[in-house]
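Please keep the sequence and the model open while reading this briefing, which moves from a definition to the cores, the helices and the sheet.

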Amino acid sequence: MNPRRASLIVAGAALCLVMSFAVTRARGLAFIGDLDRQASAARDAVGGKGVTLNFRDRYGWLTRHPVLSGGRDLSPATRKAVAAAIAAVPGIAGVSWARDGDDRSVSAHCQDDVERILETRTIRFGEASTRLEPSSERLLGEVARSLRPCVGSIIAVTGHTDASGNQKVNVALSQARAEAVRSALIARGIPATNLRAAGLGSARPVEGLDPLDPANRRIEFSVLYTAPVKPTPIDTPGPE
């Protein structure tokens, strides 16, 4: 195939991917915004105005599982009523109360372990490809072992490129590489529900590096504490 034609096909595919992502994101924001308004009204109706609703996880992903916080001066009965009222809103998939605990320090420990592993080594792919090199397969085995104690937290896998080439293609390539790493971690026993993949292209170069420097091509991991989902009155059918 003519190289120019191949480049146009790849660019077109990447543009379609980016446009699809933008449309999906816009719809998601509208949907979650409506849920937030309805849930806030339900909260206020049962006297829970001091309770805060968060429809995003710590990495910024939209979720239908709002985490509730605040309202410490409310009675247990009112807090229970708030959770039940919010969970009854159509579209809400479940609620939980945020709490501090040892899980945060465990997540931080896993983050440190992964960063230590990747201090002198890089997850590498074939040229303009999502195929992992053999050395990276072994490296991901070490990463997976470090992440296992953090199962239950959200593990964000983020792909980055340098600033050379078509930027829309770079975003699509970084997303595809992040997805490839996510799949490799799933194959090594990390639950799919705990993993998020995102591609940022060249939007966030390494601090102090020229955006065109190939060293910006990398995969980063973020281990994010997430409040455990605890049963609420609406999660347990039937009388108490």
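A residue is called buried when its relative accessible area is under 20%, exposed when it is over 50%, and partly exposed in between, using a 1.4 Å probe and protein chains only. At 34% relative accessibility, Lys80 therefore counts as partly exposed. This is a predicted model, in which local features need pLDDT of at least 70 and side-chain atom pairs count only at pLDDT 80 or more, while totals for chains, interfaces and linings use all residues. Residues are numbered from 1 along each chain as its sequence is written, and side-chain values use heavy atoms, with hydrogens and water left out.

**Nonpolar cores**

- The largest nonpolar core (buried Ala, Val, Leu, Ile, Met, Phe, Trp, Tyr and Cys residues joined through side-chain atoms within 4.5 Å) has 26 residues, and those with the most contacts inside it are Ile123, Val181, Leu185 and Phe221.
- Two or more residues of this core come from each of α3 (103-117), α4 (134-147), β4 (154-160), α5 (167-187), β5 (195-199) and β6 (218-224), where helices (H or I, at least four residues) and strands (E, at least two) are DSSP runs numbered from the N terminus.
- Leaving aside neighbours within four places in sequence, Phe221 is in contact (heavy atoms within 4.5 Å) with residues including Leu118, Ile123, Leu140, Val181 and Leu185.
- Apart from this core lies another, of 18 residues, among them Ile32, Ala42, Leu74 and Ala83.

**Helix α5**

- The 21 residues of α5 should span 30 Å at 1.5 Å a residue (1.5 Å times one less than the number of residues), and the end C-alpha atoms are 30 Å apart, which agrees.
- Buried residues of α5 include Asn170, Arg177, Val181 and Leu185.
- Asn166 caps the N-terminal end of α5, with a side-chain oxygen 2.9 Å from the backbone nitrogen of Lys168, and α5 is followed by Gly189, whose phi is positive, near 100 degrees.

**Three-stranded sheet and helix α2**

- An open sheet has the order β1-β2-β3 with mixed pairing, where two strands pair if DSSP finds at least two bridges between them.
- The edge strands, β1 (51-56) and β3 (96-97), each pair on one side only, and β2 (residues 62-70) pairs with β3 in the parallel sense over two bridges.
- Helix α2 (residues 76-87) packs on the sheet, touching β1, β2 and β3.
- In α2, Val82, Ala83, Ala85, Ile86 and Ala87 are buried, and Lys80 also lies in this helix.
- The C-alpha atoms of Lys80 and Val46, 34 residues apart along the chain, are separated by 10.0 Å.

Terms used
Polar contact = N/O pair within 3.5 Å; in protein donor to acceptor, adjacent residues only side chain to side chain. Axes fitted to C-alpha atoms, helices over the stretch in contact; angles between N-to-C directions.
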